[in-house]
Amino acid sequence: MASNNQKFRPVPEQIIFNHFELHRVYESQIKLINESQHLQRIKITPLSKKEFALFNVEYPKSDSGDIAPGMAVTVTVRFRPSNLGDLEDEIIVIFNGGTLRIPIVAMRERPSIQWMKVVDCGDCWVGNTTQQKINIKNTGGDAQFYLVQAHNHGELLSSQLDGFP
């Protein structure tokens with residue numbers, strides 16, 4: 001993030017992707033404002049994660065890479081998630097006299113399940129069945145859930161969840 005002695009100020013200070021789905025493409029822009037008293041040039045290094053890409057860098061003047069005081073470069077970052085996990089990267093901007101690191105964060109809202117801690121199905125004789133309604137509510141982000149018996153937990157994870165996001 002920018003400090004008080006930086007020559008460039010990013011607006012916003014970080015790029016956040018928080019509502020995303022698999023294999024879709026999302027874009028976000030950031031402006032790098034020249035806060036110095038002098039004409040500046042910058043170099044932006046490639047991003048390290050394959051899910052993020054620098055899509056476009058738009059300079060104030062199309063015929064040069066010079067950035068006058070008060071002017072801004074607009075950087076467009078593309079994000080194509082390959083999974084629903086959290087990802088972090090950073091835009092590294094190199095300029096005369098310093099380096100600026102701008103965080104990129106992809107993080108979905110965590111699911112939050114609310115349900116009865118104990119389910120009482122009453123008595124059930126051998127050979128009979130019993131049913132009990134269980135209310136389950138997700139008050140957080142989108143997710144996929146499975147209810148399994150404790151003794152089958154390992155089997156389910158190893159056989160049925162392979163390939164699920």
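In this predicted model, the side chains of E21 and R24 come together in a salt bridge, with 3.7 Å from N to O. Both partners sit between the buried and exposed classes: E21 is partly exposed because its relative accessibility is 43%, and R24 counts as partly exposed at 46%.

This bridge belongs to a set, since the structure holds 6 salt bridges. Three of them, including the one just described, are laid out here.

| Salt bridge | N to O distance |
|---|---|
| E21 and R24 | 3.7 Å |
| E35 and R9 | 2.6 Å |
| D86 and R110 | 2.2 Å |

Let us take the second row next. E35 and R9 meet through their side chains at 2.6 Å, N to O. This pair links distant parts of the chain, with E35 in the loop between β3 and β4 and R9 in strand β1 (residues 8-11), 26 residues apart. E35 is partly exposed, given its relative accessibility of 42%, and R9 falls in that class at 36%.

The bridge between D86 and R110 has an N to O distance of 2.2 Å. Here too, distant parts of the chain are linked: D86 belongs to the loop between β6 and β7, while R110 belongs to the loop between β8 and β9 (113-115), 24 residues away. The relative accessible area is 35% for D86, so D86 is partly exposed; for R110 it is 47%, so R110 is partly exposed as well.

Now for the overall fold. The protein has 1 helix and 10 strands, and the order from the N terminus is β-β-β-β-β-β-β-β-β-β-α, which places the helix after the strands. Of the 165 residues, 26% count as buried. Among contacts between residues at least 6 apart in sequence, 65% join residues at least 24 apart. The accessible surface comes to about 11,600 Å², and carbon and sulfur atoms account for 49% of that area.

Turning to the interior, the largest nonpolar core holds 24 residues, and F17, L32, I42, F52, I91 and V93 have the most contacts inside it. At least two residues of this core come from each of β2 (15-17), β3 (26-34), β4 (42-44), β6 (72-79), β7 (87-95) and β8 (98-106). L32 gives a good view of the packing. Beyond its neighbours within four places in sequence, L32 touches F8, R9, P10, I42, I44, M71, A72, V73, V75, V93, L100 and I102. That list brings back R9, the salt-bridge partner of E35, along with the core residues I42 and V93.

Aromatic rings add another layer to the picture, with 5 aromatic pairs in the structure. In one of them, the rings of F52 and F79 have centres 4.9 Å apart and planes at 20°, so the pair is stacked. F52 lies in strand β5 (residues 52-58) and F79 in strand β6, so this pair ties together parts that are 27 residues apart in sequence. Both F52 and F79 are buried. Ring pairs also join F52 and F79 with F17 and F20 in a cluster, and two members of that cluster, F17 and F52, are among the core residues with the most contacts.

Finally, two arginines sit over ring faces. R108 lies over the face of F20, 5.8 Å from the ring centre, and F20 is itself part of the ring cluster. R78 lies over the face of F55, at 3.5 Å from the ring centre.

Conventions
Residues are numbered from 1 along each chain as its sequence is written. This is a predicted model: local features need pLDDT of at least 70, side-chain atom pairs count only at pLDDT 80 or more; totals for chains, interfaces and linings use all residues. Side-chain values use heavy atoms; hydrogens and water are left out. A nonpolar core is a set of buried Ala, Val, Leu, Ile, Met, Phe, Trp, Tyr and Cys residues joined through side-chain atoms within 4.5 Å. Buried means under 20% relative accessible area, exposed over 50%, partly exposed in between (1.4 Å probe, protein chains only). Helices (H or I, at least four residues) and strands (E, at least two) are DSSP runs, numbered from the N terminus. Contact means heavy atoms within 4.5 Å. Rings of Phe, Tyr and Trp (its six-membered ring) pair if their centres lie within 6.5 Å; planes under 30 degrees apart count as stacked, over 60 as edge-to-face and the rest as tilted. A charge sits over a ring if NZ of Lys or CZ of Arg is within 6 Å of the ring centre and within 35 degrees of the ring normal. Accessible areas come from the Shrake-Rupley method with a 1.4 Å probe; for residues, only the protein chains shown count as cover. A salt bridge is a side-chain nitrogen of Lys or Arg within 4 Å of a carboxyl oxygen of Asp or Glu.
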